[in-house]
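Hello,

Here is the structure I promised to pass on to you. Please open it first, and then read my notes below alongside it.

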Amino acid sequence: MTYDRSHVVLSVRDLSVNYLARRGRVRAVSNVSFDLHAGETLALIGESGCGKSTLNLALIRQLPNTAVTEGAGILYTYRDGRQVDVLKFSDRAMRRFLWSECAMVFQGALNSLNPVLRVSDMVYDTASAHGIGRDEARRRVLKLFEQVRLDAARVFKSYPHELSGGMRQRVLLALSLLLRPQVVIMDEPTTAVDILTQRSILDVLKELRAELNFSVIFISHDLAVAAEIADTVATMYAGEIVEIGPVNDVFYKSRHAYTLSLLNAAPRLSVGREELMSIPGSPPDLIEPPPGCKFHERCAFATDVCRTVPPPLVEYEGGRLAACHETERVLENALETRKAALA
Amino acid sequence: MTPIVELRGVHREFIKDRERVPVLQDINLEIEPDEVICLVGESGCGKTTTGKIIAGLLNPSSGEMLVDGRSLASRSGKEEKLLRRQLQIVHQDPFASLNPAHTIGDILSFPLRRHRMVKGSGGLQRRIWELLTMVDLTPPGDIVNKYPHQLSGGQRQRVSIARALTVQPRLIVADEAVSMVDVSIRISLLKMLQNLRRELGLTIVFITHDLALAKYFAWEGRIAVMYLGRIVEIGRTPDVIANPAHPYTRALLAAVPEADPELTRHKQAMRLRSDDIPKLTALPPGCAFHPRCPFYVPGTCDVNVPALTDAPGFAQEVACIPVQQGQAAQQIVEDDVDLNPVPAHGLD
């Protein structure tokens with residue numbers, strides 16, 4: 001996919017989220033910054049507890065009260081060029097902003113759909129809350145249902161339990177686009193579904209993106225899904241974005257040891273016999289994170305510097321960022337792996 | 001060699017809402033000692049039910065299971081008990097399969113004592129230490145007095161495996177045993193299982209929906225692909241993955257995204273005739289895959305149930321009549337991959 005690099009839709013600046021627990025402050029997200037461009041698909045990848053879901057809930061300000069969000073801003077640019085800071089929205093403005101400018105698709109479609117309402121009623125409710133008439137809403141949603149390859153008329157009249165898991169997920173995808181948002185956030189939308197269902201959701205998503213040109217923040221622990229649909233990939237570890245860049249660069253020329261280790265642990269189907277490696281240990285405690293680089297205890301490249309000095313996020317060629325002291329050694333290793341794979 | 005476990009014409013049905021649900025139909029499977037066999041398929045294909053039958057947790061509705069060449073029913077009570085003990089299972093969810101009120105030491109000591117696997121309290125402790133070391137939970141002293149909630153998902157799954165090993169099984173069914181564990185930790189669990197297999201001469205039945213993982217884990221073993229209660233393809237892993245025979249296997253392999261951007265974006269797509277999976281209570285006649293199958297031959301596939309047998313050009317066995325007749329070979333390449341069936345215009 002190509003996207004417009006000159007037009008930034010969402011600019012996240014220095015965002016941190018802390019949960020207040022009895023033992024202390026859990027630093028779930030620390031100093032995250034990134035830009036999302038018009039039409040761009042950004043995949044946030046990382047393992048459980050890395051802060052990717054917290055980050056996304058923070059973007060739409062849907063975190064529980066125990067979470068404290070701080071930051072220099074979440075700057076959103078409307079289609080007419082007006083810029084606002086989402087962090088400064090009132091609750092009312094936030095409600096208006098959600099769905100019409102920024103929509104969410106969650107994992108587990110059954111939990112996102114009201115079991116006692118027909119799909120049609122959910123559509124009408126949403127539309128009327130945002131000042132759109134019934135006929136217009138109906139017209140739009142039927143078209144969207146066709147675009148996600150659903151039997152539009154039947155699905156429109158159905159209750160959620162009458163639909164299969166894959167159909168529900170596509171209903172959610174269609175509903176998220178009902179108010180023509182510029183940004184859609186998807187949290188593991190293909191995680192709980194079967195292979196062929198996942199394939200149809202991914203295909204549908206690609207088609208919709210090509211036609212409607214919205215931006216996507218895609219959260220996943222599945223590297224394969226990210227490899228397939230992302231323009232840009234950001235790796236998260238222990239609440240930080242440790243590497244971000246164009247998808248091919250991040251996968252083939254990894255500059256952070258964690259990204260490289262994750263890739264070395266992911267089996268691929270069509271490459272014959274593989275030697276894979278696990279990452280030793282487990283993710284760090286976010287209340288008292290280790291000093292220096294938070295990954296150093298599990299890192300095969302770690303040196304004395306890594307154990308004491310937190311690596312800054314440094315910019316490299318091609319609009320890439322990585323926070324790794326040993327980035328040159330990592331890159332060399334990644335390039336060798338790639339060369340071996342191509343041979 | 002006599003198979004350690006053999007399923008012969010196994011059917012299994014469940015009753016749901018007074019309706020008979022045929023979950024498994026005519027499963028024939030021989031599991032050799034020391035082998036790794038992967039059962040793969042989507043939800044509802046019967047892989048877990050097959051695993052439970054192999055582990056002795058469920059009985060077939062009809063057909064029989066032989067252990068070491070003889071059915072369990074034909075053995076004495078004592079013999080049956082011993083054989084059942086040798087077939088163990090590791091469940092998917094380590095949060096649900098370990099009792100939260102017991103320490104890890106307790107969890108391991110119950111089966112050891114119940115089955116008199118050790119002598120005296122010294123022997124018990126030694127064996128627990130040994131088991132924890134075998135699953136790389138070291139030092140064991142740090143683990144024995146902990147409760148499950150104090151361990152990570154990966155550590156808990158190691159405890160589950162250690163528990164299965166308490167009774168010195170010859171076969172372990174691992175039912176989605178690493179699905180709930182993070183990517184970075186999965187591989188070490190799988191490697192540990194492989195090491196245990198080699199050291200203890202274990203047979204492993206590995207059940208997963210993740211084809212890439214199946215390929216990695218069972219590279220030296222076999223893969224059986226299941227669809228709606230039947231095995232549709234079975235053979236050596238490299239054969240099935242590199243040269244899939246059954247159209248369903250081909251569709252699955254084509255559909256899986258790969259952790260490699262170039263590879264995954266240039267994969268040959270395979271479009272099925274329908275996305276809908278038939279219900280088990282209303283299975284299509286003939287081959288259950290025919291309503292979705294791109295190789296469908298009217299008058300054949302919707303009438304005859306294909307047998308699982310050899311096919312020309314393939315080293316593995318496959319249950320597909322067109323493939324067995326050599327007709328489907330040319331159709332592998334999908335000629336018309338239309339990714340944009342919807343007119344390309346926006347909402348406005």
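**Where the domains of chain B meet**

In chain B, 10 residues of domain 1 are in contact with 10 residues of domain 2. Please keep in mind that this is a predicted model. Domain 1 of chain B covers 5–103 + 161–227, and domain 2 covers 247–335. Taken over C-alpha atoms, the centres of domain 1 and domain 2 of chain B are separated by 26 Å.

Which elements of domain 1 of chain B each supply at least two residues of the side that touches domain 2? They are strand 2, helix 8 and strand 9 of chain B. Strand 2 of chain B gives the largest share of that side, with 5 residues. By class, the side of domain 1 of chain B that touches domain 2 has 7 nonpolar, 2 polar and 1 charged residues.

**Two sheets and a helix in chain B**

Strand 2 also belongs to an open sheet of 4 strands in chain B, with the order 2-1-4-5 and antiparallel pairing. Strand 2 (19–31) and strand 5 (70–71) of chain B are at the edges of this sheet with a single partner strand each, so one side of each has no neighbour in the sheet. Strand 1 (residues 5–16) and strand 2 of chain B pair in the antiparallel sense over 9 bridges. If you would like a place to look, B:Arg12 has B:Leu24 in strand 2 of chain B as its bridge partner. Helix 1 of chain B lies across strand 1, strand 2 and strand 4 (62–67) of chain B, and runs at about 120 degrees to strand 1 of chain B.

The other sheet to look at in chain B is an open one of 8 strands, in the order 6-7-8-3-9-10-12-11, with mixed pairing. Here strand 6 (87–90) and strand 11 (309–310) of chain B stand at the edges; each has a single partner strand, so one side of each is left without a neighbour in the sheet. Helix 1 (residues 47–54) of chain B packs on this sheet too, touching strand 3 (36–40), strand 6, strand 7 (171–175), strand 8 (203–208) and strand 9 of chain B. The direction of helix 1 of chain B makes about 155 degrees with that of strand 8 of chain B. Strand 9 (residues 222–227) and strand 10 (residues 230–236) of chain B pair in the antiparallel sense over 6 bridges, and B:Met226 has B:Ile231 in strand 10 as its bridge partner.

**The core**

The largest nonpolar core has 200 residues, and A:Phe218, B:Cys38, B:Val205, B:Phe206 and B:Ala224 are those with the most contacts inside it. Why does this core lie between domain 1 and domain 2 of chain B? Because both of these domains give residues to the core. Leaving out residues up to four places away in sequence, A:Phe218 touches A:Thr41, A:Leu42, A:Ala43, A:Met186, A:Ala226, A:Ile229 and A:Ala230.

**Chain A and the contact between chains**

Helix 1 (residues 52–59) of chain A is mostly covered, with 7 of its 8 residues buried; among them are A:Leu55, A:Leu57 and A:Leu59. Just after this helix, A:Arg61 takes a positive phi of about 50 degrees.

The contact between the chains takes 39 residues from chain B and 42 residues from chain A. On the side of chain B that touches chain A, helix 7 (183–200), helix 8 (211–217), helix 10 (247–255) and helix 11 (261–265) of chain B give two or more residues each. Helix 7 of chain B supplies the largest share of that side, 6 residues. By class, the side of chain B that touches chain A has 22 nonpolar, 9 polar and 8 charged residues.

Best wishes

Conventions: Residues are numbered from 1 along each chain as its sequence is written. Chains are lettered from A and ligands numbered from 1 in the order in which they are written. This is a predicted model: local features need pLDDT of at least 70, side-chain atom pairs count only at pLDDT 80 or more; totals for chains, interfaces and linings use all residues. Two strands pair if DSSP finds at least two bridges between them. Two residues are in contact if their C-beta atoms, placed from the backbone, lie within 7 Å. Axes are lines fitted to C-alpha atoms, for helices over the stretch in contact, and angles run from 0 to 180 degrees between N-to-C directions. Ala, Val, Leu, Ile, Met, Phe, Trp, Tyr, Cys and Pro count as nonpolar, Asp, Glu, Lys and Arg as charged, and the others, Gly among them, as polar. A nonpolar core is a set of buried Ala, Val, Leu, Ile, Met, Phe, Trp, Tyr and Cys residues joined through C-beta atoms within 7 Å. A residue is buried if 20 or more other C-beta atoms lie within 10 Å of its own, exposed if 12 or fewer, and partly exposed in between; C-beta atoms are placed from the backbone. Domain bounds come from an automatic or database domain assignment.
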